[in-house]
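Open the model in your viewer and keep the sequence panel beside it. At each stop you select something, then read what is there.

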Amino acid sequence: MPATTPQLPARHRSAWLDRAGSAASHPELLGELRVDVAVVGAGITGLTTAVALHRAGLSVAVLEARHLGAVASGNTTAKISMLQGTRAATLARKHPRETVEAYFAAHRAGFDWIAERAAGVDCGYERAPAATFSTAGRSGSAAELVREEAEALRAAGLPATLDTDLGLPFGVSEAVTLADQAQFDPVPYLHDLARELVDGGAAVFEGTRVLGVSLSASLGASPRLRTPRGIVHADRVVLATGLPVLDRGLYFARVEPARSYAQAVRVHDEDTLPEGMYLSADSPTVSIRTAVLDGERRLLTGGFGHRVGTSAPMSHQEHELAAWSAARWPVAEITHRWSAQDYEPEDGLPFVGPMPLQPRVLVATGFAKWGMTGGTAAGLALADHVLDRDNAWAPTWAADRVPRLNSVPSLASFNGQVVRYMATGWASPDLPSRRPLAEGEGRVETTARGKVGRCRVGGVEHEVGAVCPHLGGILEWNDAAASWDCPLHGSRFAPDGDVLEGPVTEGLGTPPGLRRVVAPRG
């Protein structure tokens with residue numbers, strides 16, 4: 001390993017969003033609107049749903065709190081693959097063969113839909129083999145899991161092969177490969193979906209956060225969505241926001257929120273770069289692919305994940321990832337660093353479809369880091385449901401399914417951690433400190449006015465309430481992304497308390513006597 005870890009760029013922003021810019025290209029909703037379907041969230045799931053419904057002749061409005069691809073879809077590693085780490089093996093342990101086959105039928109539908117459309121979009125779409133590997137010298141259990149993955153893929157009808165010759169600059173003890181998978185830049189693809197909607201007369205709104213969905217006690221009544229400066233009446237609502245912003249389905253208790261890291265790396269010699277897409281089966285999980293950025297091919301690495309709001313300081317994971325890359329490739333510079341949030345469902349299957357007892361409200365969540373094909377498949381399934389069309393694999397992902405017996409251990413683990421972090425967060429003394437905050441630093445302090453979060457970002461100090469408005473968890477400062485993160489269910493907030501993502505819909509309050517923004521020091 002080199003004596004020094006490569007320096008990380010100051011800005012935390014994905015390579016995809018950096019190229020596209022973050023300025024809103026669609027207006028905010030002002031006033032009142034009535035449509036057949038309101039889609040909340042302009043990631044790949046929401047936009048795919050909207051396009052499929054619009055093509056069928058329905059009136060559609062997309063409501064995005066920030067900008068297109070602001071959350072998961074713009075911060076993904078953007079692999080389009082049927083080989084998904086050891087997902088097939090994991091599912092095969094929990095579910096019958098027909099369930100596993102249905103899962104991959106859904107992802108195949110998503111894969112094919114992306115492939116057909118991306119061919120006509122300038123989004124860097126290219127075919128590449130995908131491989132899951134175990135690292136030489138590590139525990140043999142990872143190699144065994146790789147072999148199990150190959151068997152599960154073959155049982156599902158996918159032509160997986162075992163071969164350790166991957167062309168990687170380190171030893172591999174076992175590897176499963178699936179040829180002819182794909183990768184792309186997701187942001188131009190998302191903008192192309194939005195363009196089709198707008199050109200066809202549909203409405204796409206950015207900077208329009210949905211603050212609530214009013215549902216009548218009558219099951220046949222139409223939902224009403226409230227935004228800061230508008231109202232939307234719709235026959236159906238699709239919540240495609242990572243984790244639904246409506247708590248009625250209790251999905252926040254049935255998934256585990258996790259963050260992972262990614263970096264774009266310029267190397268001294270492009271000939272050393274691998275030709276495919278790779279994911280390790282051992283821990284920590286590491287993702288590898290390449291992409292052409294600014295006219296040169298760069299290495300994209302990712303991984304080193306953890307539960308949201310834990311493992312502070314989070315910047316440690318970024319430095320570990322940078323060191324991992326530098327130990328294996330001739331790193332010249334890390335040009336981008338970013339992170340993403342994903343949700344692992346209790347039984348490994350996404351939740352897609354109508355919420356329990358709310359047939360007019362549809363949700364999609366729990367793609368477990370495979371949202372490019374999974375989110376696209378979800379969009380197709382949601383459209384099929386609204387249009388009353390048959391879909392062979394949609395019942396496997398039903399959003400109103402009850403927990404299965406084999407999900408109990410995962411549910412117990414997920415919610416046991418919620419109880420743990422709720423208790424430790426409130427019990428921690430977090431005594432106030434007179435030490436000035438360094439740039440990029442944040443801390444929670446217990447004061448006479450309650451738990452207070454203080455941070456310094458861009459030379460400006462912010463003071464906010466450090467209690468998550470969702471269910472009362474105590475926030476943790478994320479120094480990698482400069483955000484306040486809740487370890488309970490993954491809600492995240494900007495330094496000034498504005499909502500970034502998660503099930504929460506309101507920002508952080510300011511305890512009496514505090515100012516939300518404090519004048520810069522120095």
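**Stop 1: Ser325**

Select Ser325. Its relative accessibility is 1%, so Ser325 counts as buried, the cut-off being under 20%. Keep in mind that this is a predicted model. Now colour residues 315–326. This is helix H7, and Ser325 lies in it. What is Ser325 in contact with, leaving aside its neighbours within four places in sequence? Show Thr301 and Val331: these are its contacts.

**Stop 2: a cis bond before H7**

Go to the loop between strand E14 (296–307) and H7. Pro313 is found there. Look at the peptide bond from Ala312 to Pro313. This bond is cis, and its omega is near 0 degrees.

**Stop 3: another cis bond**

Next, select Pro284. It sits in the loop between strand E12 (277–280) and strand E13 (286–293). Which form does the peptide bond from Ser283 to Pro284 take, cis or trans? It is cis, with omega near 0 degrees.

**Stop 4: Ala368**

Select the loop between strand E17 (358–365) and H8. Find Ala368 in this loop. Ala368 is not a glycine, yet its phi is positive, about 50 degrees. Is Ala368 buried or exposed? Its relative accessible area is 8%, and that is why Ala368 is classed as buried.

**Stop 5: helix H8**

Move on to residues 371–386. This is helix H8, with 16 residues. Draw a distance from its first C-alpha to its last. The helix reaches 21 Å, close to the 22 Å expected at 1.5 Å a residue. Now switch on the surface. How many of the 16 residues of H8 are buried? The count is 15, and H8 is mostly covered. Step past the end of the helix to Asp388. This residue follows H8 and has a positive phi, near 60 degrees.

**Stop 6: where H2 meets H8**

Keep H8 on screen and add helix H2, residues 44–55. Two packed helices are described by the angle between their axes and the distance between the axes. Here the axes of H2 and H8 come within 8 Å. They cross at roughly 35 degrees. The crossing of H2 past H8 is right-handed.

Show the side chains where the two helices touch. On H2, pick Ile44, Thr45, Thr48, Thr49, Ala52 and Leu53. On H8, the contact residues include Gly371, Met372, Gly375, Leu380 and Val386. Which kinds of residue make up the contact of H2 with H8? Nine are nonpolar, seven are polar, and none is charged.

**Stop 7: Ala88**

From Ala52, jump to Ala88. The two residues are 36 places apart along the chain, and 28 Å separates their C-alpha atoms. Colour helix H3, residues 87–94, where Ala88 is found. Ala88 has a relative accessible area of 0%, which means that it is buried. Now show what surrounds it. Apart from neighbours within four places in sequence, Ala88 is in contact with Phe104, Glu149, Ala152 and Leu153.

**Stop 8: strand E1 and its partners**

Switch to cartoon view and select strand E1, residues 31–40. Strands of a sheet pair through backbone hydrogen bonds, either parallel or antiparallel. Add strand E10, residues 230–239. E1 and E10 run parallel and are joined by nine bridges. Zoom in on Ala38, whose bridge partner in E10 is Val237.

Then add strand E2, residues 60–63. How many bridges join E1 to E2? There are four, and these strands run parallel. Select Val39 for one example: its bridge partner in E2 is Val62.

**Stop 9: a sheet of four strands**

Finish with an open sheet formed by four strands, in the order E21-E22-E23-E24. Is the pairing parallel or antiparallel? It is antiparallel. Which strands are at the edges? They are E21 (476–478) and E24 (499–501), each pairing on one side only.

Look at E21 with E22 (residues 483–485): three bridges join them. Select Trp477, and then its bridge partner in E22, Trp484. Last, visit the loop between E21 and E22, where Ala482 is found. Ala482 has a positive phi of about 55 degrees, although it is not a glycine. Its relative accessibility is 23%, so Ala482 counts as partly exposed.

Notes. Residues are numbered from 1 along each chain as its sequence is written. This is a predicted model: local features need pLDDT of at least 70, side-chain atom pairs count only at pLDDT 80 or more; totals for chains, interfaces and linings use all residues. Side-chain values use heavy atoms; hydrogens and water are left out. The expected span of a helix is 1.5 Å times one less than its number of residues. Buried means under 20% relative accessible area, exposed over 50%, partly exposed in between (1.4 Å probe, protein chains only). Axes are lines fitted to C-alpha atoms, for helices over the stretch in contact, and angles run from 0 to 180 degrees between N-to-C directions. A crossing is left-handed if the near helix is turned anticlockwise from the far one by less than a right angle, and right-handed if clockwise. Contact means heavy atoms within 4.5 Å. Ala, Val, Leu, Ile, Met, Phe, Trp, Tyr, Cys and Pro count as nonpolar, Asp, Glu, Lys and Arg as charged, and the others, Gly among them, as polar. Two strands pair if DSSP finds at least two bridges between them.
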